[in-house]
Amino acid sequence: MDIRFLGHPCFELTEGDTRVLIDPFLTGNPKAPIGPDEIDPTHIFLTHGHADHYGDIEAIAKRTGAQVVAIVEIAGELGNAGVENVSDPNMGGTVDFGDVWVRLVPAWHTSTTPRGTANVPAGLVVGMGGKVVYHLGDTCLFSDLKLVGERDTIDVALIPIGGHYTMDRHDAVKAADLIGATTVIPCHYNTFPPIETDAEAFKADVQQAGISEVAVLEPGGTQTL
Ligand code: NI
Ligand code: MN
């Protein structure tokens, strides 16, 4: 599996012919290495409705016909906006497409969509090709992160470290410890001034504690499992 970092919360996971786009915030994202017309996902998964995650989801889904998964309130809104293939799980639900599955798990945060629909934010556990990737979404530190790592062996955890809107890099070390992933990729930092932080210091803290390997990706960079 290839994991390509597209800036802030946005990642593309590719395994064979399956291309999963998570949180497609490209237009208006100062760290995005590509525009919304330069990607061709088969699936789009959304953690929550804030504009820096929702992003270009409507335009990309309509252009590509990609299968979308979003929590039920956002799924309903996307359907009303003309997006055709939308699955609408709620917290704890798993949607299995055969080549890829995704489960919604808790994230401690707030959220409304750009249209104002209130929704509960989620983390996403994604399985493809025998590997499991856990995108934490936007969240603070909370102890139930441990339960996610107890159900599935997490190969890669995508953890926000920027602080202000999410956990900071110090709480993210504890989050990494609770999850126990083989590899951690930090995200949701250095996009805007309030969330500037030192990803290399986070990497050193996690690796010196013997928790996980940390791969700091530049936007556009890819980690291959
Ligand atoms: Ni948010
Ligand atoms: Mn965010």
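Here are some worked exercises on this predicted model, each with a task and a step-by-step solution.

**Exercise 1. The nickel site**

Task: Find which residues donate to the nickel ion (ligand 1), and classify the geometry of the site.

Solution:
- Step 1. Start at the metal and list its protein donors: His48 through NE2, His50 through ND1, His109 through NE2 and Asp138 through OD, lying 2.2 Å from the ion.
- Step 2. Put these residues on the sequence, where their spacing reads H-x1-H-x58-H-x28-D.
- Step 3. Check the angles among the 4 donor atoms, which run from 91 to 170°. A tetrahedral site needs all angles between 85 and 135 degrees. The site of the nickel ion (ligand 1) is irregular.
- Step 4. Locate two of the histidines. Histidine 50 sits in the loop between strand S4 (43-45) and helix H1 (51-54), and histidine 109 in the loop between strand S8 (100-106) and strand S9 (122-128), so this pair ties together parts that are 59 residues apart in sequence.
- Step 5. Look at solvent exposure: histidine 50 has 21% relative accessibility and counts as partly exposed.

**Exercise 2. The manganese site and the shared ligand**

Task: Identify the donors of the manganese ion (ligand 2), then work out which residue coordinates both this ion and the nickel ion (ligand 1).

Solution:
- Step 1. The protein donors of the manganese ion (ligand 2) are Asp52 (OD), His53 (NE2), Asp138 (OD) and His188 (NE2), lying 2.2 Å from the ion.
- Step 2. Along the chain, the spacing of these donors is D-H-x84-D-x49-H.
- Step 3. Compare with the nickel ion (ligand 1): the two metals are 3.3 Å apart, and aspartate 138 coordinates both.
- Step 4. Ask which parts of the chain are linked. Histidine 53 belongs to helix H1, while aspartate 138 is in the loop between strand S10 (131-135) and helix H4 (145-151); the pair is 85 residues apart.
- Step 5. Add burial to the picture. Histidine 53 is buried at a relative accessible area of 0%, and aspartate 138 is buried too, at 2%.

**Exercise 3. Two cysteines**

Task: Decide how many disulfides the structure holds, and explain why cysteine 187 has no bond to cysteine 10.

Solution:
- Step 1. Searching the whole structure gives 0 disulfides.
- Step 2. For cysteine 10, the nearest cysteine sulfur is that of cysteine 187, 10 Å away.
- Step 3. Apply the cut-off: a disulfide requires cysteine sulfur atoms within 2.5 Å. At 10 Å, the sulfur of cysteine 187 is too far from that of cysteine 10 for a bond.
- Step 4. Check burial as well: cysteine 10 is buried at 0%, and cysteine 187 is buried at 1%.

**Exercise 4. Cores and sheet**

Task: Describe the largest nonpolar core, then the order of the strands in the open sheet.

Solution:
- Step 1. The largest nonpolar core has 43 residues, and those touching the most other members are Ile3, Leu13, Ile44, Phe45, Leu78, Val126 and Ile185.
- Step 2. S9 supplies the largest share of this core, with 4 residues.
- Step 3. Zoom in on isoleucine 185. Beyond its neighbours within four places in sequence, its contacts include Ile3, Phe11, Val156, Leu158 and Leu217.
- Step 4. A second, separate core has 26 residues, among them Val148, Ile154, Val173 and Val214.
- Step 5. Turn to the sheet, which is open and has 7 strands in the order S7-S8-S9-S10-S11-S12-S13, with mixed pairing. Its edge strands are S7 (94-96) and S13 (213-214), each pairing on one side only.
- Step 6. Inside the sheet, S9 and S10 pair in the antiparallel sense over 5 bridges. Methionine 128 has lysine 131, in S10, as its bridge partner.

**Exercise 5. Helix H2 and what follows**

Task: Find which residues of helix H2 (residues 57-64) are buried, and follow the chain on to alanine 66.

Solution:
- Step 1. The buried residues of H2 are Ile57, Glu58, Ile60 and Ala61.
- Step 2. They pack against strand S3 (18-22), S4, H1, strand S5 (67-69) and helix H3 (72-80).
- Step 3. After H2 comes glycine 65, with a positive phi near 70°.
- Step 4. Alanine 66 lies in the loop between H2 and S5, and at 3% relative accessibility alanine 66 is buried.
- Step 5. Leaving out residues up to four places away in sequence, alanine 66 touches Pro41, Thr42, His43, Ile44, Ala61 and Asn85.

Definitions and conventions:
Residues numbered from 1 in each chain as written. Chains lettered and ligands numbered in written order. Predicted model: local features only at pLDDT ≥ 70, side-chain atom pairs only at ≥ 80, totals over all residues. Heavy atoms only, no water. Donors = N, O, S within 2.8 Å, 3.2 Å for Na, K, Ca; no water. Tetrahedral: all angles 85-135°; square planar, octahedral: opposite > 155°, others 65-115°. Helix = DSSP H or I, 4+ residues; strand = E, 2+ residues; numbered from the N terminus. Buried < 20%, exposed > 50% of the residue type's maximum accessible area, 1.4 Å probe, protein only. Core = buried A, V, L, I, M, F, W, Y, C linked by side-chain atoms within 4.5 Å. Contact = heavy atoms within 4.5 Å. Pairing = 2+ DSSP bridges.
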